[in-house]
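Colleague: Please take me on a close look at one part of this model, beginning with a single residue and its surroundings. I'd like to hear what it touches and what lies in the elements beside it, and then to visit a second region.

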Amino acid sequence: MSVLTRDEAQTRAGLLDVHRYTIDLDLTGGDETFDSHTLIAFSARTDGDTFVEVRPAELRSVTLDGQPLDPEALDGNRLPLKNLTAGEHELRVHAAMRYSRTGEGMHRFTDPTDGETYVYTQLFLDDVQRVFAAFDQPDLKAVFELSVRAPQGWTVLANGITEHTGDGRWRAAPTPPISTYLVAVAAGPWHSVRTEHRGLPFGLHCRRSLAPHLDADADELLDITRACYDRYHEKFDEPYPFDSYDQAFVPEFNAGAMENPGLVTFRDEFVYRSAVTDTERQTRAIVIAHEMAHMWFGDLVTLKWWDDIWLNESFAEYMGYQILTEATRFADTWTDFGVTRKAWGYDADQRPSTHPVAPEAVDDTASALLNFDGISYAKGAGALRQLVAWLGEKDFLAGINTHFARHKFANATLADFIDSLAGATERDVHAWADAWLRTTGVDTLTPHIAPGDHGTCALTVDRAGSRPHRIAVGLYDRDLGDDGGHLVLRERLHLDLPQDGAQPIGKRPALLLLNDGDLGYAKVRFDPESFETVRKDLSGLPSPLTRAVVWNALRDAVRDGELAPGAYLETARAHLPLETDLAIVQGVLAFAATHITDRYLTPEERPAALATLSELCRDLIRRTEDGDNPGLRLIAVRHRIDVAAHPDTIAAWLADGTVPGGPELDPELRWRVLARLAVLGATDEAAIAAELERDPSATGQEGAARCRAALPDPEAKARAWAAMFASDDLSNYLFSATARGFWQPEQADLVREYVPRYYADAVPVADRRGPAIATAVGRDAFPAHAVDADSLRLGEQCLRDTDPSPSLRRSLTDQLADLARALHVREAHTA
């Protein structure tokens, strides 16, 4: 398949105006393909040649202005259109298109619970051509009229309000001008909850087998949707630009969600089958707010080319957190952002694959797809928080509303956006953009406290990096009350770096914390006395957001080799049992388990670390015996299962169906226990099959695949490997589940022979199965436990001597960078 280059897109945009697509899809033709009829009305500004993209199973006929074109002229995914004359044209394309099993194009899924089938589109970034013929680039917006023939009993959802016209035929209302990648269809026997808000139809949709779970949360989901909708209308002058707002929870979805105008699609794990924490509910709410922000940022005003993807994602990321904080009960969303999303951005920005938030050259669509990462989302949102702090929200919103008014239903660039902001402020926004959006890497801020006269001190801040920063500095003193251990905020200074020089801070504080409030995007360090305070009194800090900044600083120090992994675990052991914020508890435990015990510590040190985490989780479980904090208890139970070094306790939980004192083991916990028992060699195929009979759902199928791959048995490993790399039968979700089960630190000797095989087998399967599977190969199937020089050498040789697909090359580059970092951390703290 040929990827579209920026130059080709610019040439085609200079030649064509695309007016309207009339699309007719027939989904009644069987399990493998569907019929696609497309009529494209467009005009050419001058005489010339161009092409249209389509990726058919069979190209049946093509006519241009009533004259047949040869289907054999199709070259990969490009159908040439030669000798166009200036003026109006009509192109008709009839093709059979393949259903996808990897979440790309038109994905088809049969629910193992009840046998019902569902299909939905995911057309981002250039997968529209898997569904219908198109001039597939974001700046050739058009009106889309869609009709669908579906099996009896199905409902068809689309960007516009759909109407059933009889005999299984559905027609969607024409859209306003939108980009090709935003067209959406979802068809099947959906369970739907419908309402109206401010005269606009709202809908929630899911598989029938999930109906009870959606119904249980429908009021919460709709309340959040209404609150976000109303708050966006208070901030934005432009009203919501589409005719309805449907939210469909779809199976085997590769992303968290997709902002199709009028029909947002979400991964249906957000329809909770099992108990979840309030932080997980908050995460779902953030995604709802994020996708709604896209109705303006991305859908109403769309990037001209993929180098400006941050204009979509960074803004939706920032607005999602901010709107949720302002409009719903979730008032501490920025703590979760600091713990989870910001760490994602910091990590991505320190790898060789880093790129500017707004890169100057994204040459083609394959390169563009690689930039949907922690930089375009988390770093970009962090930069926007800096921008709002610097400009003030009033001027920021004024610039945004100018941007919407100038470019609605059209396309815009970074330069357009900066011009809109510049008109709303006297500050030099262009210089800010150059410093923040055109550079890479994470600055590091280090405080120095110098004594002065009469017991006073002065603060200077060293900045390793080049960006300006507006940050708060928290000065904390120990509470001299009877209970001790608490820290009290004396003062919060506001600094502009590097402009502000030495700052008087009065008497020496017990803790000086740079970036208090987390408005900055930078790594921060501690002076020696403040570090000792952190180790002794971290849990005594009054604000969860402040504690999140401290935990992030400790995390960064471990990753940089400046803090021993064991010291991080000791700090977690001392303070996490006293933590009240669920996002912090979850984030610290996840880093401790995934990075410290599994990668940064040596195999010899790992058992003691697992024991420490197990004791920590037991403390949290004991602390929550009164039932006052079920979310904290659930997090502790999950992690206690994951770090179990011996099977007896968790096997007893599974046999009893409950943790003593609760919770009862729901499907998620049962599969989690069984997966850990599989790793420890304390279960077998018969038990896995019995559990699958108990829970035959799609999630159950994934749980069984993970458990089977985790069994410490050579034949089980061979079967799992063949399923992933020698066969193309696994769906995207079943591939990932199998991969997550396969590699286990406890089984390093058993799977040692597969480490070199990974580098040999990853490249061909990624080539065969496309970007979604390539990403899963690099993310889930990578032997992350193998922290040794041989694995690093094999990976570097693979990159050097083979030609991995762009998605796999990016994943391997990142994984090898993390492997090298883990080796550095080990070396830095090896006696």
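Modeller: Happy to! Let me start with a term we'll need: a polar contact is a pair of N or O atoms within 3.5 Å, where within protein one atom must be able to donate a hydrogen and the other to accept it. Please keep in mind that this is a predicted model.

Our residue is Asp307, which sits in the loop between strand S20 (301–303) and helix H4 (310–327). Asp307 counts as buried because its relative accessible area is 10%, and the cut-off for buried is under 20%. What surrounds it? Leaving out residues up to four places away in sequence, Asp307 touches Arg6, Ala358, Pro359, Glu360 and Val362. With one of these, Arg6, the contact is polar: the two side chains are joined at 3.0 Å. For a sense of scale, the C-alpha atom of Gly76, 231 residues away along the chain, is 25 Å from that of Asp307.

The elements on either side of this loop, S20 and H4, lead us to an enclosed space. Searching the whole structure gives 5 cavities of 30 Å³ or more, and the largest has a volume of about 70 Å³. Elements giving two or more residues to its lining are S20, H4 and helix H8 (393–407). Among the lining residues are Val301, Thr302, Leu303, Leu311, Phe315, His403 and Phe404. Taken by class, the lining has 8 nonpolar and 4 polar residues, with no charged ones.

For the second region, look at helix H22 (residues 732–742), where 9 of the 11 residues are buried. The buried ones include Tyr733, Phe735, Ala737, Ala739 and Phe742. Their cover includes two strands, S8 (105–110) and S19 (263–267), as well as helices H20 (698–710), H21 (714–726), H23 (754–769) and H24 (771–779).

One of those helices, H23, brings us to an open space. The second largest pocket holds about 470 Å³, and H23 gives two or more residues to its lining, as do helices H14 (582–600), H15 (606–623) and H25 (789–801). There are 25 lining residues, and those nearest the pocket's centre are Pro603, Pro745, Ala748, His785 and Ala786. This lining includes 8 charged residues, along with 13 nonpolar and 4 polar ones, whereas the lining of the largest cavity has no charged residues.

Key
Residues are numbered from 1 along each chain as its sequence is written. This is a predicted model: local features need pLDDT of at least 70, side-chain atom pairs count only at pLDDT 80 or more; totals for chains, interfaces and linings use all residues. Side-chain values use heavy atoms; hydrogens and water are left out. Helices (H or I, at least four residues) and strands (E, at least two) are DSSP runs, numbered from the N terminus. Buried means under 20% relative accessible area, exposed over 50%, partly exposed in between (1.4 Å probe, protein chains only). Contact means heavy atoms within 4.5 Å. On a 1 Å grid over the protein atoms alone, a cavity is a set of points where a 1.4 Å probe fits but cannot get out, and a pocket is an open set with protein on both sides within 12 Å along at least five of seven lines; lining residues have an atom within 4 Å of a point. Grid points are joined across faces, edges and corners, and a volume is the space filled by probe spheres set on the points. Ala, Val, Leu, Ile, Met, Phe, Trp, Tyr, Cys and Pro count as nonpolar, Asp, Glu, Lys and Arg as charged, and the others, Gly among them, as polar.
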